[in-house]
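Biologist: I would like to learn how to read a few features of a structure with care. Could we take them one at a time, with the general idea before the particular case?

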Protein chains: 2
Amino acid sequence: VAQMNTARETQAAKAEQFRRWHNGEEILILPCAWDVASAGLFEAEGFKAIGTTSAGIAASLGYADGQKVPFEEHLRVLQKIAAHVRAPVSVDIEAGYATTIEGVTANVREVLHSGVVGINIEDENHSRSGGQLLEPVPFMVQKIEALRAMSRVEGVPMVINAKTDAIWLSVGDGVEDTFKEAVRRANAYGAAGADCVFIPGDLDLQTVSQLVKAILYPLNIVVKAGTPSVATLHDLGVRRVSLGSGPMRAAMGLTRRIAREVLSNGTYQTLLELAIPFDEVQCAFRN
Amino acid sequence: VAQMNTARETQAAKAEQFRRWHNGEEILILPCAWDVASAGLFEAEGFKAIGTTSAGIAASLGYADGQKVPFEEHLRVLQKIAAHVRAPVSVDIEAGYATTIEGVTANVREVLHSGVVGINIEDENHSRSGGQLLEPVPFMVQKIEALRAMSRVEGVPMVINAKTDAIWLSVGDGVEDTFKEAVRRANAYGAAGADCVFIPGDLDLQTVSQLVKAILYPLNIVVKAGTPSVATLHDLGVRRVSLGSGPMRAAMGLTRRIAREVLSNGTYQTLLELAIPFDEVQCAFRN
């Protein structure tokens with residue numbers, strides 16, 4: 001029991017530290033891993049915290065994105081990543097892999113037990129029940145409150161990053177309406193206890209600036225074509241920037257280039273130019 | 001039972017086809033996957049058969065190479081890859097993840113049951129018992145004979161690619177001795193029933209040419225810096241060329257470049273330049 005308490009206290013301290021980084025001097029850069037090797041590499045390169053990409057993990061296991069991976073299979077990857085790195089790990093578990101608040105809470109409790117200290121939880125309505133792209137605000141608020149209560153009981157102040165897909169899914173009637181819906185949801189989720197709000201989508205500098213002004217809580221955005229530099233995001237007041245599935249998609253893009261060069265030209269220049277020695281791959285994930 | 005027989009017959013036909021490619025007009029190019037996404041991508045790009053990299057799978061799961069992954073965990077990845085692609089799948093299972101012939105045979109039977117039609121089996125002595133880098137030739141011959149017998153009983157003519165690490169581990173007293181040991185082993189393994197012999201290492205054009213002349217069975221080599229082009233290998237008489245862990249190490253090399261650019265410069269150029277749209281990642285592994 002003493003050992004369990006110590007482990008839980010370490011996890012709680014890690015969660016607290018991770019939360020503080022959302023309100024510190026620096027903007028938090030979160031790289032998103034899709035397997036243990038990428039997680040270990042990101043940590044070895046010096047990122048303070050490690051995220052995961054649900055889309056990347058799904059692809060790596062052979063599934064489409066959107067909660068198509070059986071939860072237990074997804075969880076196994078999260079557990080391995082959390083066991084491997086020392087840095088705080090925050091995971092993207094989409095809408096929680098369940099339709100009820102109880103189901104989502106049970107799943108997140110399992111995630112928490114693996115040593116993870118933060119989650120992304122989103123409002124996309126994966127079943128499209130009632131024809132709605134997004135879950136009703138009160139349901140998402142209840143979900144956040146239930147997760148906050150569960151994490152209190154567990155003694156780990158888990159960092160909840162509440163994601164609204166309002167802009168991502170172009171909800172509402174035109175750009176202005178979409179923007180308002182995103183802000184309304186972000187503020188409701190923050191008021192419900194989320195530590196950070198996450199708004200994915202193609203956001204130009206002006207939109208990012210307007211979001212920061214309209215939202216009362218730390219804002220997380222994800223890198224897309226046209227995303228301002230980290231320094232600019234910091235100056236605008238963004239608190240957290242995620243790499244999302246980008247690195248995994250780039251790794252696949254490179255693999256495709258390697259494949260095409262070998263098949264069309266019979267040469268290996270792309271492979272040889274980028275490949276790092278295996279010792280370095282191993283060093284990257286063992287520290 | 002009828003359905004099982006049909007599945008087994010399909011697998012047998014696939015194995016036969018894969019074997020024929022080792023003796024056809026063209027040289028066989030085998031890309032080596034480390035997860036389902038990379039396997040699906042290689043198939044979508046047009047490779048006729050898909051290999052796996054044990055080192056890459058190990059890294060992706062957070063282990064060093066050299067049979068450090070629990071066999072069941074490695075097997076789970078092989079099963080998922082074999083279930084996902086239609087092309088013949090040949091897997092690298094190092095020395096068979098067991099110290100006895102019976103243990104290796106039981107493991108390979110499980111691999112065969114997952115739909116895989118070919119294996120790499122190597123002579124590295126992972127326990128270094130007796131201080132030997134390589135298993136004794138008679139033991140490796142027994143292993144190959146046992147696997148051939150098992151595959152006969154199972155009704156699937158599994159393609160056995162017997163790998164000698166003689167050159168890779170610089171066994172023997174000097175370059176000439178190492179070369180002779182590699183040739184002696186390759187010919188013994190072929191005589192024992194291997195369909196192809198695999199000699200990894202940094203092999204220049206002259207060495208490759210000498211190996212082809214001295215070995216009586218189809219020869220497989222792996223791409224390293226300085227490896228002749230596919231066309232040249234074909235002209236030299238090499239029957240199969242593997243990409244090994246190269247693509248996985250290149251994917252990690254790119255991920256590291258992305259990480260370093262974001263951390264040192266606060267920009268995402270490498271990520272954005274190489275990342276393919278997520279739809280294309282999904283298309284790549286779903287066909």
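Modeller: We will go through symmetry, pockets, one helix and a few single residues, keeping in mind that this is a predicted model.

Biologist: Let us begin with the two chains; what rotation and what shift along its axis superpose chain B on chain A?

Modeller: The idea is to lay one copy on the other and to read off the movement required, and here a rotation of 180° with 0.0 Å of shift along its axis brings chain B onto chain A, at an RMSD of 0.0 Å. The two copies are thus related as by a two-fold rotation axis. Within chain B, the C-alpha nearest that axis belongs to Ala251(B), at 2.4 Å from it. The same surface serves both copies, since 99% of the contact residues of chain B recur in chain A.

Biologist: Turning to the pockets, what is the volume of the largest pocket, and which residues lie nearest its centre?

Modeller: A pocket can be read by its volume, then by its lining, and then by the elements that supply that lining. The largest pocket has a volume of about 810 Å³, and of the 43 residues that line it, Ala55(A), Asp65(A), Trp168(A), Lys224(A) and Ser245(A) lie nearest its centre. Among the elements that give two or more residues to this lining are strand 3 (50-52) and helix 10 (246-265) of chain A, together with helix 11 (269-274) and helix 12 (278-285) of chain B. By residue class, the lining of the largest pocket divides into 17 nonpolar, 13 polar and 13 charged.

Biologist: And how does the second largest pocket read, in volume and in lining?

Modeller: The second largest pocket holds about 650 Å³ of space, and it is lined by 36 residues, with Ser54(B), Ala55(B), Asp65(B), Lys163(B) and Trp168(B) closest to its centre. The elements giving two or more residues to this lining belong to chain B, including helix 3 (54-61) and strand 5 (118-122), while the largest share, 3 residues, comes from strand 4 of chain B. The lining of the second largest pocket divides into 12 nonpolar, 12 polar and 12 charged residues.

Biologist: For a helix, what should I look at, taking helix 7 of chain A as the case?

Modeller: An α-helix has 3.6 residues a turn, so residues three or four places apart point the same way. Helix 7 of chain A, residues 175-191, reaches 24 Å from its first C-alpha to its last, close to the 24 Å expected for its 17 residues at 1.5 Å a residue. Its buried residues include Thr178(A), Ala182(A), Arg185(A) and Tyr189(A), and the buried residues of this helix pack against helix 6 (137-154), strand 6 (159-163), strand 7 (196-198) and helix 8 (205-214) of chain A. Just after helix 7, Gly193(A) takes a positive phi of about 125°.

Biologist: Where do Arg128(A) and Ser170(A), with positive phi although they are not glycine, lie in the chain?

Modeller: Such a case is best read from the angle, the location and the accessibility together. Arg128(A), with phi near 55°, lies in the loop between strand 5 and helix 6 of chain A, and it counts as partly exposed because its relative accessibility is 34%. Ser170(A), with phi near 50°, is in the loop between strand 6 and helix 7 of chain A, and at 52% relative accessibility it counts as exposed.

Methods:
Residues numbered from 1 in each chain as written. Chains lettered and ligands numbered in written order. Predicted model: local features only at pLDDT ≥ 70, side-chain atom pairs only at ≥ 80, totals over all residues. Heavy atoms only, no water. 1 Å grid on protein atoms, 1.4 Å probe; cavity = no way out; pocket = protein on both sides within 12 Å on 5 of 7 lines; lining within 4 Å. Points joined across faces, edges and corners; volume = space filled by probe spheres on them. Helix = DSSP H or I, 4+ residues; strand = E, 2+ residues; numbered from the N terminus. Nonpolar A, V, L, I, M, F, W, Y, C, P; charged D, E, K, R; others polar. Least-squares fit on C-alpha atoms with pLDDT ≥ 70 in both. Contact = heavy atoms within 4.5 Å. Expected span 1.5 Å × (residues − 1). Buried < 20%, exposed > 50% of the residue type's maximum accessible area, 1.4 Å probe, protein only.
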